[in-house]
Structure formats: structure tokens, C-alpha cells
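Subject: Handing over a structure

Hello,

Here is the structure I promised to pass on to you. My notes on what turned up in it follow below, with the cut-offs spelled out along the way.

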Amino acid sequence: MTITAVDIKRFSFNTKGKESFTIEYNQVTDEITLLVDGVERNKFKSQDAEKKYEDLLNYIKKEFIKYRDVVKN
């Protein structure tokens, strides 16, 4: 396995090697925001933001379960 400069920058001893992503739905402004390790990566506003937020949650749940259920060799 080759470690690149990007990998070294991503690794943080402050977070004990953990990374996270968050999807926020703001009901007041109808905005959805994607945060990766606390850094805003993307944001959009939509009239049906609540439905899009629910769709994103369902998609992530399905993908997570699919990855979890992969048979390991």
C-alpha cells in the first residue's frame, strides 16, 4: 500500500484517525448542507428540501446496510 501526501493530510491525531460526514437540513432556510470532518463541502437550497433530505438519509441507510452485509472472504 502506498501512502500519499493527501492521505497524510487527511489523517488527524486530534480525531484519533476518525473521519465523519454530516448532512444538515435547515428548516428555516430550506437548505441542505454536506459537511465532511466539519468542513462545508456542498450546500443547496430547494423548495422540497425536506423530501430531498429524507431521500438522502434513505439512500445512505441502504448503502450502509449493503456494505455491512457484504460477505467477507
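Let me begin with burial: a residue is called buried when its relative accessible area is under 20%, exposed when it is over 50%, and partly exposed in between, with a 1.4 Å probe and protein chains only. By that measure, 11% of the 73 residues of the protein chain count as buried.

Before the details, a word on where the values come from. This is a predicted model, in which local features need pLDDT of at least 70 and side-chain atom pairs count only at pLDDT 80 or more, while totals for chains, interfaces and linings use all residues. Numbering runs from 1 along each chain as its sequence is written, and side-chain values use heavy atoms, with hydrogens and water left out.

**Overall layout**

The protein chain has 2 helices and 3 strands, arranged along the sequence in the pattern α-β-β-β-α. Both kinds of element are DSSP runs numbered from the N terminus: helices are H or I with at least four residues, and strands are E with at least two. Taking contact to mean heavy atoms within 4.5 Å, residues 24 or more positions apart supply 17% of the contacts with a separation of 6 or more in the protein chain. About 6900 Å² of the protein chain is exposed, and 55% of that comes from carbon and sulfur atoms; the areas were computed by the Shrake-Rupley method with a 1.4 Å probe, and for residues only the protein chains shown count as cover.

**The strands**

Two strands are said to pair if DSSP finds at least two bridges between them. Strand E1 (residues 21-26) pairs with strand E2 (residues 31-36) in the antiparallel sense, over 6 bridges. Within this pairing, Tyr-25 is set opposite Ile-32 in E2. The hairpin of E1 and E2 has 4 residues between the strands, and Asp-30 takes a positive phi near 55 degrees there.

E2 also pairs with E3 in the antiparallel sense, again over 6 bridges. That hairpin has 2 residues between the strands, with Asp-37 at a positive phi near 50 degrees.

Thr-33 is a good residue to look at here. It lies in strand E2 and stands opposite Lys-43 in E3. The C-alpha atoms of Thr-33 and Lys-43 are 4.3 Å apart, although 10 residues separate the two along the chain. Thr-33 has a relative accessible area of 9%, so it counts as buried. Leaving out residues up to four places away in sequence, Thr-33 touches Thr-22, Ile-23, Glu-24, Glu-40, Asn-42 and Lys-43.

**Salt bridges**

Side chains of opposite charge can pair when their charged atoms come close. I used a distance rule: a side-chain nitrogen of Lys or Arg within 4 Å of a carboxyl oxygen of Asp or Glu. The count by this rule is 6 salt bridges.

One of them joins Glu-31 to Lys-43, with the closest N and O atoms 3.7 Å apart. This pair links distant parts of the chain, since Glu-31 is in strand E2 and Lys-43 in strand E3, 12 residues apart. Glu-31 is partly exposed because its relative accessibility is 21%, and Lys-43 is partly exposed at 39%. Glu-31, Glu-40 and Lys-43 together are linked in a network of salt bridges.

Another salt bridge belongs to helix H2: Lys-51 and Asp-55 are 4 residues apart in that helix, so about one helical turn separates them. Their closest N and O atoms are 3.0 Å apart. Asp-55 counts as partly exposed at 39% relative accessibility.

**Around Ser-46**

Where does Ser-46 sit? Its place is in the loop between strand E3 (39-45) and helix H2 (49-68). Ser-46 has 13% relative accessibility, so it counts as buried. Its side chain makes a polar contact of 2.6 Å with the side chain of Asp-48. A polar contact here is a pair of N or O atoms within 3.5 Å; within protein, one must be able to donate a hydrogen and the other to accept it, and residues adjacent in sequence count only if both atoms are side-chain atoms.

Asp-48 also meets Lys-52 in a salt bridge (3.8 Å, N to O). Both partners are partly exposed, Lys-52 with a relative accessible area of 32% and Asp-48 with 35%. Setting aside neighbours within four places in sequence, Ser-46 is in contact with Lys-52 and with Asp-30.

Best wishes
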